[in-house]
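This report walks through one protein chain, beginning with a single loop residue and its surroundings and widening afterwards to the chain as a whole. The sequence and the structure are shown first.

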Amino acid sequence: VQLQASGGGLVQPWGSLRLSCAASGIAISNNLMAWYRQRPGTQRELVAQITASNNPIYSFSANGRFTVSRDNAKNAVYLQMNSLKPEDTAVYYCYCRSTGVNYWGQGTQVTVSS
């Protein structure tokens, strides 16, 4: 199983980025997918998750600014991030939970700075 995250980069405050996670070795359609992040000096935290039935849940900091979506036909999940703030700077990880097993992607760096 591989989760390949992409789309990170350097963006100015109030800018936008769209992260993508391409899954291989597993069909995401029946599984919970999520995005986590790890800010410098902190523990990994949940940003957003989307269930197999396409119900999203957001962290307090992401709610209203980020949108998680999935495309089962492409076996991919996305995170649209708007109104980015410097405190959103982190490594963002794609996550899949399948039959009780946790899978993690390699992470993509997002830096919000002027």
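## A loop residue and its surroundings

Asn 75 sits in the loop that connects β7 (66-71) with β8 (76-81). The model is a predicted one, and everything described here is computed from it. Although Asn 75 belongs to a loop, Asn 75 is buried, since its relative accessible area of 16% falls under the 20% that marks the limit for buried residues. A polar atom of the Asn 75 side chain lies 2.7 Å from the backbone oxygen of Ile 26. Leaving aside residues up to four places away in sequence, the residues that Asn 75 touches are Cys 21, Ala 22, Ala 23, Ser 24, Ile 26, Ala 27 and Ile 28. Ile 26 thus appears both as a polar partner through its backbone oxygen and in the list of residues touched by Asn 75.

## Salt bridges around Arg 37

The count of salt bridges comes to 4, and three of them are set out below.

| Pair | Closest N to O distance | Relative accessibility of each residue |
|---|---|---|
| Arg 37 and Glu 45 | 2.7 Å | Arg 37 3%, Glu 45 24% |
| Arg 37 and Asp 88 | 2.9 Å | Arg 37 3%, Asp 88 0% |
| Arg 39 and Glu 45 | 3.2 Å | Arg 39 27%, Glu 45 24% |

In the salt bridge between Arg 37 and Asp 88, with 2.9 Å from N to O, distant parts of the chain are linked: Arg 37 belongs to strand β4 (residues 32-38), whereas Asp 88 lies in the loop between β8 and β9 (90-98), and the two are 51 residues apart. Which of the residues in these pairs are buried and which are partly exposed? Arg 37 counts as buried at 3% relative accessibility, and Asp 88 counts as buried at 0%, whereas Glu 45 is partly exposed with a relative accessible area of 24%. Arg 39 is likewise partly exposed, its relative accessible area being 27%. Through shared partners, the salt bridges join Arg 37, Arg 39, Glu 45, Arg 65 and Asp 88 into one network. Within that network, Glu 45 meets the side chain of Arg 39 and also forms a salt bridge with Arg 37.

## Positive phi values in two loops

Trp 14 has a phi near 75°, which is a positive value in a residue other than glycine. Trp 14 is placed in the loop between β2 (9-11) and β3 (17-24), and at 64% relative accessibility Trp 14 counts as exposed, because the limit for exposed residues is over 50%. Asn 54, also a residue other than glycine, has a positive phi near 75°. The loop that holds Asn 54 runs between β5 (45-50) and β6 (56-58), and Asn 54 is partly exposed, with a relative accessible area of 46%.

## Strand β1 and its partner

In a regular strand the side chains alternate between the two faces of the sheet. Strand β1 (residues 2-6) shows such an alternation, with Leu 3 and Ala 5 buried and pointing to one face, while Gln 2, Gln 4 and Ser 6 point to the other face and are not buried. Strands β1 and β3 run antiparallel and are joined by 5 bridges. In this pairing Ala 5 stands opposite Cys 21 in β3, and Cys 21 is also one of the residues touched by Asn 75.

## The chain as a whole

The protein chain contains 11 strands and 0 helices. With 114 residues, a compact globule would have a radius of gyration near 13 Å, and the chain agrees with this, having 13 Å. Taken along the principal axes, the C-alpha atoms fill a box of roughly 40 × 25 × 20 Å. Of the 114 residues, 44% are buried. Among contacts with a separation of 6 or more, 52% are between residues 24 or more positions apart. The chain exposes about 5,900 Å², of which carbon and sulfur atoms supply 48%.

Notes:
Residues numbered from 1 in each chain as written. Predicted model: local features only at pLDDT ≥ 70, side-chain atom pairs only at ≥ 80, totals over all residues. Heavy atoms only, no water. Helix = DSSP H or I, 4+ residues; strand = E, 2+ residues; numbered from the N terminus. Buried < 20%, exposed > 50% of the residue type's maximum accessible area, 1.4 Å probe, protein only. Polar contact = N/O pair within 3.5 Å; in protein donor to acceptor, adjacent residues only side chain to side chain. Contact = heavy atoms within 4.5 Å. Pairing = 2+ DSSP bridges. Rg over C-alpha atoms; globule rule 2.2 N^0.38 Å. Areas by Shrake-Rupley, 256 points an atom, 1.4 Å probe, with all protein chains shown as cover.
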